Amino acid sequence: MSTSKSKATNTGSGKAAVPMVKAEGVHKSFGAAHILKGIDLEVAPREVFCLIGPSGSGKSTFLRCINHLEKINSGRLSVDGELVGYREHHGKLYELRDREVAARRRDIGMVFQRFNLFPHMTALENIMEAPVQVKGESKASARERAAKLLDRVGLADKAGNYPSQLSGGQQQRVAIARALAMEPKLMLFDEPTSALDPELVGDVLDVMKDLAADGMTMVVVTHEMGFAREVGDSLVFMDDGVVVESGHPRDVLTKPQHERTKSFLSKVL
Amino acid sequence: MSVDVDKPAEPPAAAPPAQPEPIKAIPVRHYGRWVAALVVIGLLVLLVRAFASGKVNWGAIPEYMFNADILKGLRNTLWITVLSMVIGIVLGVVLAVMRQSKNPVTKSVAWFYVWFFRGTPVYVQLFLWFNLGLVFQYIDIMPIYKDEWSDFMTPFLCALLGLGLNEAAYMAEICRAGLNAVDEGQTEAAHALGMSHGRTLRRIVVPQAMRVIVPPTGNEVINMLKTSSLVIAVQYYDLLQAAQNVGRDSGVVVEMLILAAAWYLIATTVLSIGQYYLERYYARGASRQLPPTPFQRLKAKLAGPNRAGGAA
């Protein structure tokens with residue numbers, strides 16, 4: 001199924017569906033540092049969308065804007081047809097309250113480079129925390145689902161372990177399960193394998209491939225070109241806060257059009 | 001393991017090569033340590049001799065150990081310690097949150113509070129509370145309460161306010177340090193899961209901050225127990241006051257001071273043990289394996305002295 005949907009964004013033939021993520025002229029600066037300089041892109045539902053580029057190019061910042069961990073300075077950014085961080089009423093924008101921002105984030109899962117598991121909770125408790133606390137799910141049902149999710153990421157026997165007792169790859173898989181427990185419609189991955197030993201990367205990528213095959217919409221900031229080529233439906237190369245090149249991963253990775261893309265790829269491939 | 005005994009190729013003398021011969025060397029002699037030990041022991045002997053020759057009525061100490069007045073003083077000391085710490089912790093948390101807030105007014109008020117109460121000696125603060133009656137005649141909280149100041153401001157209240165408000169300033173700094181010590185990624189992860197600010201603080205940040213907050217707070221409790229002896233300034237009847245009264249009345253002044261010291265030591269020791277277990281509780285998840293408690297170590301030793309260390 002991942003091949004059939006792949007053309008949707010490139011050609012715009014899938015207009016009927018509301019894009020899962022839509023960015024129009026998104027700018028972001030931190031003080032004097034202008035990080036995003038007008039990003040336009042669309043992520044279709046069920047698409048695996050890869051963002052690559054040198055460090056400092058703004059790809060992580062853009063990812064964090066999608067679930068409002070960073071506030072954009074100008075432009076429009078929407079998730080599933082709803083503006084991120086604002087409500088539009090009679091042509092005016094109203095900032096969302098903390099509670100409303102939190103409510104929007106429930107549908108967006110995020111996986112961090114440094115896992116950010118809660119160290120004072122076991123793997124199982126990490127996964128149960130948000131469903132119980134945010135959705136008000138009963139502990140028994142949350143525990144049951146958490147156990148299933150742990151099994152899905154191949155860690156059924158680690159339920160009682162604290163994060164400090166797990167390897168990096170195991171922690172990251174628990175972190176993915178934790179995000180999935182909220183049953184999100186969109187998953188954001190911020191360099192999920194960059195902090196891992198090379199031999200542990202494969203396990204995490206396998207879980208992500210599995211997720212992609214299930215039709216999850218995923219935005220993935222990554223340096224794993226192999227993953228992008230194999231699983232990605234579209235790929236964007238960013239540099240210095242702008243989208244330099246985009247298209248199908250195979251095309252961009254093998255026949256880059258821009259000099260900047262060529263020189264970047266020649267270093268990482 | 002008698003499986004390969006009948007192996008003909010190996011001569012029996014070379015059978016256990018697993019244990020190589022340990023190195024035999026003459027260890028370094030630490031003459032300095034011997035000298036230092038002798039000097040210290042010599043000084044201790046002098047000290048003991050001095051006290052033995054002094055006219056200390058040692059028998060008076062066990063005799064008055066459970067004297068009613070002494071026990072009343074001890075109770076009051078413990079009571080004022082606990083209550084002052086409660087005020088200190090509650091107010092300290094409030095001040096720490098005020099300090100973190102984005103509201104410039106609450107922020108600067110909290111800063112000013114800490115600046116004032118940390119910058120002046122507790123002894124001076126206690127005297128201030130005690131002598132406020134010289135400038136206020138009545139206490140008048142309009143609709144609720146009105147009374148003569150001297151009736152309202154009892155020694156107990158002076159002691160409580162003096163110690164508690166001072167402690168709050170220190171607790172505020174401890175809490176602030178604890179909250180700041182939690183990695184920002186934790187807050188982000190919680191927010192990304194859709195948790196609100198308050199819930200993130202309660203469920204994620206505070207439990208982790210506790211690991212940083214508990215050890216210094218334990219020290220503060222122990223400190224408070226000792227600092228509470230300053231309430232003599234406001235004529236509150238604490239352990240020290242009781243010991244001095246009894247000592248003066250019975251002519252055993254030094255003995256009662258030693259007795260008070262002994263009670264303080266007992267109380268601080270009990271508190272230290274409690275603190276050990278509390279720290280252990282909040283360290284969960286922070287280290288891979290919690291160290292065994294002294295009890296567990298003792299049990300492991302009794303169970304089998306030959307497998308020491310293999311208990312885990």
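Which backbone nitrogen does the side chain of Asp233(A) reach? In this predicted model, the partner is the backbone nitrogen of Val48(A), reached at 2.7 Å. Asp233(A) is situated in the loop that links helix H8 (225-231) to strand S11 (234-239) of chain A. The residue is classed as buried because its relative accessibility is 2%, which falls under the 20% cut-off.

A second loop of chain A may be read in a similar manner. Ala181(A) occupies the loop between helix H6 (168-180) and strand S9 (186-190). With a relative accessibility of 2%, Ala181(A) is therefore also counted as buried. Leaving aside residues up to four places away in sequence, Ala181(A) touches Ile127(A), Pro131(A), Arg145(A) and Leu149(A). As for Ala156(A), which stands 25 residues from Ala181(A) along the chain, the C-alpha atoms of the two residues are separated by 15 Å.

The confidence of the prediction should be considered alongside these details. Chain A has a mean pLDDT of 91, and 94% of its residues reach 70 or more. Over residues 1-15 of chain A, however, pLDDT stays under 50. For that segment the model has 23 contacts beyond four places in sequence.

Turning to chain B, an unreviewed UniProt entry places the feature "domain: ABC transmembrane type-1" at residues 74-275. Across residues 74-275 of chain B, the model is 79% helix and 4% strand. The C-alpha atoms at the two ends of this stretch are 21 Å apart.

Notes
Residues are numbered from 1 along each chain as its sequence is written. Chains are lettered from A and ligands numbered from 1 in the order in which they are written. This is a predicted model: local features need pLDDT of at least 70, side-chain atom pairs count only at pLDDT 80 or more; totals for chains, interfaces and linings use all residues. Side-chain values use heavy atoms; hydrogens and water are left out. pLDDT is the predictor's confidence in each residue, from 0 to 100. Contact means heavy atoms within 4.5 Å. Buried means under 20% relative accessible area, exposed over 50%, partly exposed in between (1.4 Å probe, protein chains only). UniProt positions are given in the numbering used here, feature names are shortened, and annotations may be inferred rather than shown by experiment. A polar contact is a pair of N or O atoms within 3.5 Å; within protein, one must be able to donate a hydrogen and the other to accept it, and residues adjacent in sequence count only if both atoms are side-chain atoms.
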